[in-house]
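Biologist: I should be grateful for a close look at a single part of this model, namely its sheet. Please explain how the strands are arranged and paired.

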Amino acid sequence: MLPIRASILAALDGACMALEELLRRLWRQRGGILLSCAVLFALAATLVWTWPRSFVATAIVAPSETTGIATSSLLTPSPFLQPSLLDQRPGGNFAVYLAALRAPEAAAALARDTPLLAQIAERRSTLPLGPVRRLLGLRILADTDDALDFLERNFAATPSLTSVTWTLELVHRDRASALDMLQRLHGLAETRVRETLAELAGRRIEALEARLRIEPDLFLRNSLFELLAQQQRAALVVAADEAAAARLVSVPMVEIRPSVPNRPLLLVLLAIVIPGAVLLCVTCRILLRREAADWPAPMPWLEAPAPRPANPRVEPVLARSPTGDGAC
């Protein structure tokens, strides 16, 4: 045990000396480290400060199933099994509404009714990446796929943790365009749900009326009349209620000053990350370029043990005892 303990103490002593030597070398290069941190922070801060800022248009909506009595009782069927407490996914007409907000039809409507495609093409053709795209022969004109990509990157629907409301946010560099696009998206999704419900109720009414014309059974006709009345009430609710999927809790509005990206927060993060990255790079370079003579010898207790020689077979030997009274 004593040799192993001595080896461990020697190894720890060598490691402490190695750490002291590493800190000494870092201190010798403090000028270069500070200069590198200053240059990298200046470049990153310039990039962050010159990055174009955008406005955020916001609207708060709630599922109409939770805010409208008629809509809740006539348009939303009651499920046989209630969802679990851990399943917080939206359902019913509101789920269709959320899906319609990012649907290709919504992107096509924005490309048709708003100057979104012209704004994307103008952004691509301006400095600093405009000449690079022309030199490489990349596409500058925008199409519907670019509008759909814009929705996927700049539109978000976030549920609230304390209520049933959802927050819709749209980020755009132009303040008026951000508000107009958010209003159009809400109107398009709501119209889509309303048209789907109205078509469904109309088809069911036509089918029930056609069946009633040829049905002679009185009891079955009474059931068909009840179903027909239910579908007629649903069609009436869809035509009269202001919201079939999502009811506006807060009307769409846009901030006065742009807030994206958050420049102060990014500058603070850069001031923390850049020095740590520079120190890590310098430390790795010192460790990779160290000389064998400047660092302690390998730890003997970590080395693989040398193979032991095979024990020779010991043959029994007969010998005469000194007293001469027999073999031993």
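Modeller: The account below takes the sheet strand by strand and then turns to an aromatic group that includes a residue of the sheet.

This is a predicted model, in which local features need pLDDT of at least 70 and side-chain atom pairs count only at pLDDT 80 or more, while totals for chains, interfaces and linings use all residues. Residues are numbered from 1 along each chain as its sequence is written, and side-chain values use heavy atoms, with hydrogens and water left out.

Strands (E, at least two residues) and helices (H or I, at least four) are DSSP runs, numbered from the N terminus. Two strands are said to pair if DSSP finds at least two bridges between them. In general, the strands of a sheet pair through backbone hydrogen bonds, either parallel or antiparallel. Here 4 strands make up an open sheet in the order S2-S3-S1-S4, with antiparallel pairing. Its edges are S2 and S4 (246–254), each of which pairs on one side only. From one strand to the next the twist averages 20°, the axes being lines fitted to C-alpha atoms and the angles running from 0 to 180 degrees between N-to-C directions.

Strand S3 (residues 166–172) is joined to S2 (residues 155–159) by 5 bridges, and the two run antiparallel. They form a hairpin with 6 residues between them. Within this pairing, Ala156 has Glu169 of S3 as its bridge partner. S3 also pairs with S1 (residues 55–63), over 7 bridges and in the antiparallel sense; there, Ala59 stands opposite Leu168 of S3. S3 is mostly covered, since 5 of its 7 residues are buried, where buried means under 20% relative accessible area, exposed over 50%, and partly exposed in between (1.4 Å probe, protein chains only).

S1 is in turn joined to S4 by 6 bridges, again antiparallel. Ala57 stands opposite Val254 in S4.

The aromatic group consists of Phe94, Tyr97 and Trp166, which form one cluster. Rings of Phe, Tyr and Trp (its six-membered ring) pair if their centres lie within 6.5 Å; planes under 30 degrees apart count as stacked, over 60 as edge-to-face and the rest as tilted. By this rule there are 2 aromatic pairs. The ring centres of Phe94 and Tyr97 are 5.7 Å apart and their planes are at 25°, so this pair is stacked. Both residues belong to helix H4 (residues 93–101), where they are 3 residues apart, about one turn of the helix. Phe94 and Tyr97 are both buried.
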